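Q: Could you take me slowly through one part of this protein, explaining what can be read from its shape and surroundings?

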Amino acid sequence: MFTGVGVALVTLFDDRGALDASATAALGARLVDLGLRAVVVAGTTGEAAALEASERVALLEAVRGQLPSSIPVVAGTGAPSARQASALTRDAVEHGADAVLVLSPPGVNDSRAYYDAVAKAAAGTPVLAYHYPKVSPPGLAVRLLGDLPVAGVKDSSGDAERLLHQLDQYEGPIYTGSSALLSFGGPLGCAGAILALANVEPERCVRAFGGDVVAQGALVQPHLAAHESFPRGLKEMVAARFGTSTACRVA
C-alpha cells in the first residue's frame, strides 16, 4: 500500500466537542508536507469509538479532499463484531478510503471468519489487519496471519520479539505502530510505520525509521509523554506544536 511513515491522525474537536473535520484535514495535509506517506483516520488515536458513523464519513471525506491522490487515506473500521466492521468498511469504501485498517475483535482467538467478512465488504479495497492486544485482546496469532485475506498487518504491540517473529514468518507488508521500534523495524524490513507520535514528531519518526539511531533516541521522551493520559497528553503535544485544539471525547 505504501512504504515509509504514516500518521495515525488525531481527530480534532471544537470547544463544544463537535467534530472539526476541516481542522483535522488541515493537520493531515501539514503532516504530509513534512514527509509522511499515508494518513489513517478514525483509528485508535483518532478516538474512533467516540465517533458517530456520519462523523466518520465526514472526517474521511474532509481528509481525502485535502490530500494529493498519491497519499493513501486509510480508514479505521474495526469493531467488536464482523457485522459492525463490515458496515463500517462498506461506508469507508463508498466514501473514498484507499484502504481500511481493521482491529482484531476482542475475545477471539481465531479471527479468520471475521476478516473474511470484512474483506468481502471491502470489495477489493485493501484491508490491513491490526494487532493491538492492549486495546483488543488477545490480538492476532502470528501463525494465522498468512491465512487472512489482508494486504498487510499493523502491529502496535510494541513487542520487539513479536515483530521479529512476524518478519520471519509473514510474507506480507508489516507496519509497526510503535515509535519505540522504528530504528529496529525499518532496517530489518518493515514496509512502514503507522504512528500516533507522527502527529507531533513527523521528521524524527521518518529519520528513525530510516535507521537513524540519534533520531530514535530523541524520540524517547516524546514517546513516553504521548502515552500519558492518552489521548489528551498527545493532543496537548500536537497543540503545542501546531496550535490545534486539545478537546477530547475519550477521557
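What follows is a close look at one helix, with a short visit to a distant residue at the end.

A: The model shown here is predicted, and the part to begin with is helix α3, which runs over residues 82-94. This helix has 13 residues and reaches 18 Å from its first C-alpha to its last, close to the 18 Å expected at 1.5 Å a residue. Its buried residues are Ala85, Ser86, Leu88, Thr89 and Ala92, and they lie on the same side of α3, because they cover an arc of only 165° around the axis. There is a general reason for such a pattern: an α-helix has 3.6 residues a turn, so residues three or four places apart point the same way. The buried residues of α3 pack against α2 (53-66), β3 (73-76), β4 (99-103) and α4 (112-122), whereas the face turned away from that buried side carries the exposed residues Arg83 and Glu94. After the helix comes Gly96, whose phi is positive, near 105°.

From Arg83 one can look across to Ser179, which is 96 residues apart from it along the chain, with 32 Å separating the two C-alpha atoms. Ser179 sits in the loop between β7 (174-176) and α7 (182-188), and with a relative accessible area of 5% it counts as buried, because that value is under the 20% cut-off. Leaving aside residues up to four places away in sequence, Ser179 touches Leu195, Leu197, Gln216, Leu219 and His223, and with the side chain of His223 its own side chain makes a polar contact at 2.6 Å.

How values were computed:
Residues numbered from 1 in each chain as written. Predicted model: local features only at pLDDT ≥ 70, side-chain atom pairs only at ≥ 80, totals over all residues. Heavy atoms only, no water. Helix = DSSP H or I, 4+ residues; strand = E, 2+ residues; numbered from the N terminus. Expected span 1.5 Å × (residues − 1). Buried < 20%, exposed > 50% of the residue type's maximum accessible area, 1.4 Å probe, protein only. Arc of directions from axis to C-beta. Contact = heavy atoms within 4.5 Å. Polar contact = N/O pair within 3.5 Å; in protein donor to acceptor, adjacent residues only side chain to side chain.
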